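These are my notebook entries on a single model, kept in the order in which I looked things up.

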Amino acid sequence: MKKLLVIVFLCLAGAAQFGCGKEDNDRPDPKPEPVRLDRDTVSSWLARNSFFITDAWRFAGKDSVDMYKVDTLLPLYAKAAILNFYIEKGAGSIMFHGGASQFPNTEIPGNALTFNLNIRIFLPTEMNLTWNEEMGTLNVETRAKTSYFPMIVPGKKGYLDPVSFNIKMSAEQAKAATIKPSMRFIFEDEDPKLGKVTYKITMKPMYQYYREPGQQASAKYFVYP
């Protein structure tokens with residue numbers, strides 16, 4: 001009888017041990033902490049800096065679409081309307097340069113695009129910026145339709161993807177970087193035919209590299225697409 005009790009005890013102990021191990025293995029891995037940005041850091045790096053929209057994608061379910069191929073006017077708008085952020089302490093608006101023209105790159109290494117930008121006149125896009133303290137990122141909302149951007153629909157909301165924020169670079173750092181600086185804005189919407197859709201728009205910072213002495217109206221910029 002003693003031997004039987006010992007055997008039963010050992011069996012129960014073993015079952016308990018393996019049972020605990022299974023419970024530990026079944027426990028889900030803890031979710032990583034979401035990336036949060038600092039309001040003043042983001043504002044200081046965006047303020048009065050210029051950005052080129054390199055691509056725009058639409059996602060609906062498992063399908064993804066390059067919007068630059070769907071609407072061939074979009075890349076033309078991107079090259080003609082270089083964005084500029086008027087922002088302080090997480091609040092402000094997005095403007096665009098009053099003139100932009102691309103010219104062949106013969107000076108900047110790599111695949112950089114070069115532009116001549118009007119640095120005196122800035123025009124409104126009717127997009128407002130506010131800080132989202134809960135998410136730790138920047139919100140953007142379209143305020144009104146404008147003749148400059150007829151494709152913009154008022155009342156649409158989006159946000160800066162915190163994970164994508166990678167623009168803390170000088171011009172020299174951007175030239176040397178393997179992963180070029182960029183950031184991405186995300187907009188979610190309801191499409192009458194597709195249902196819920198998500199738009200992801202990538203912007204890359206532009207760097208001024210030459211301005212003629214005394215020139216107050218224009219300067220040369222480059223960007224890595």
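Entry 1, a residue pair across a hairpin. I looked up the partner of Phe 59 and found that Phe 59 stands opposite Ser 64 in β2; I note here that the model is a predicted one. Phe 59 itself is found in strand β1, and β1 pairs with strand β2, residues 63–66, in the antiparallel sense over four bridges. The hairpin of β1 and β2 has two residues between the strands, and in it Gly 61 takes a positive phi near 65 degrees.

Entry 2, the surroundings of Phe 59. Is Phe 59 buried, partly exposed or exposed? I read a relative accessibility of 30% for Phe 59, which therefore counts as partly exposed, since the buried class is reserved for values under 20%. Leaving aside residues up to four places away in sequence, I find that Phe 59 touches Ser 64, Lys 196, Val 197, Thr 198 and Lys 200. For Lys 200 I also noted the separation from Phe 59, which is 141 residues in sequence but 8.1 Å in space, taken from C-alpha to C-alpha.

Entry 3, Trp 131. I turned next to an aromatic residue in strand β7, Trp 131. Trp 131 has a relative accessible area of 17% and is buried, because the limit for that class is under 20%. Among the residues that Trp 131 touches, with those up to four places away in sequence not counted, I list Leu 37, Asp 38, Arg 39, Val 42 and Gly 90. Gly 90 is 41 residues from Trp 131 in sequence, while their C-alpha atoms are 4.8 Å apart in space.

Entry 4, helix α2. Which residues of helix α2, residues 39–46, are buried? I find Val 42, Ser 43 and Leu 46. Seen down the axis of α2, these buried residues fall within an arc of 100 degrees, so they line one face of the helix. I then looked up what they pack against, and the list consists of β1, β3 (83–88), β7 (122–132), β8 (137–142), β9 (157–160) and β10 (183–191).

Entry 5, the nonpolar cores. Leu 46 came up again here, for together with Phe 85 and Met 183 it has the most contacts inside the largest nonpolar core, which has 40 residues. Strand β1, residues 50–60, gives the most to this core, with four residues. Apart from this core lies another, of eight residues, among them Ala 112, Met 169, Ala 174 and Tyr 207. As background I note that in soluble globular proteins nonpolar side chains tend to be buried together. I also listed the contacts of Leu 46, not counting residues up to four places away in sequence, and they include Phe 51, Phe 85, Ile 87, Leu 138 and Met 183.

Entry 6, an open sheet. I traced a sheet of four strands in the order β5-β6-β13-β12, with antiparallel pairing. β5 (100–103) and β12 (207–210) stand at its edges, each with a single partner strand, so one side of each is left without a neighbour in the sheet. From one strand to the next the twist averages 40 degrees. Four bridges join β5 to strand β6, residues 113–118, and Gln 102 stands opposite Phe 115 in β6.

Entry 7, the protein as a whole. I count five helices and 13 strands, and buried residues make up 36% of the 225 residues. The accessible surface comes to about 13900 Å², and 56% of it belongs to carbon and sulfur atoms.

Conventions
Residues are numbered from 1 along each chain as its sequence is written. This is a predicted model: local features need pLDDT of at least 70, side-chain atom pairs count only at pLDDT 80 or more; totals for chains, interfaces and linings use all residues. Side-chain values use heavy atoms; hydrogens and water are left out. Two strands pair if DSSP finds at least two bridges between them. Axes are lines fitted to C-alpha atoms, for helices over the stretch in contact, and angles run from 0 to 180 degrees between N-to-C directions. Buried means under 20% relative accessible area, exposed over 50%, partly exposed in between (1.4 Å probe, protein chains only). Accessible areas come from the Shrake-Rupley method with a 1.4 Å probe; for residues, only the protein chains shown count as cover. A nonpolar core is a set of buried Ala, Val, Leu, Ile, Met, Phe, Trp, Tyr and Cys residues joined through side-chain atoms within 4.5 Å. Contact means heavy atoms within 4.5 Å. The arc is that of the directions from the helix axis to the C-beta atoms.
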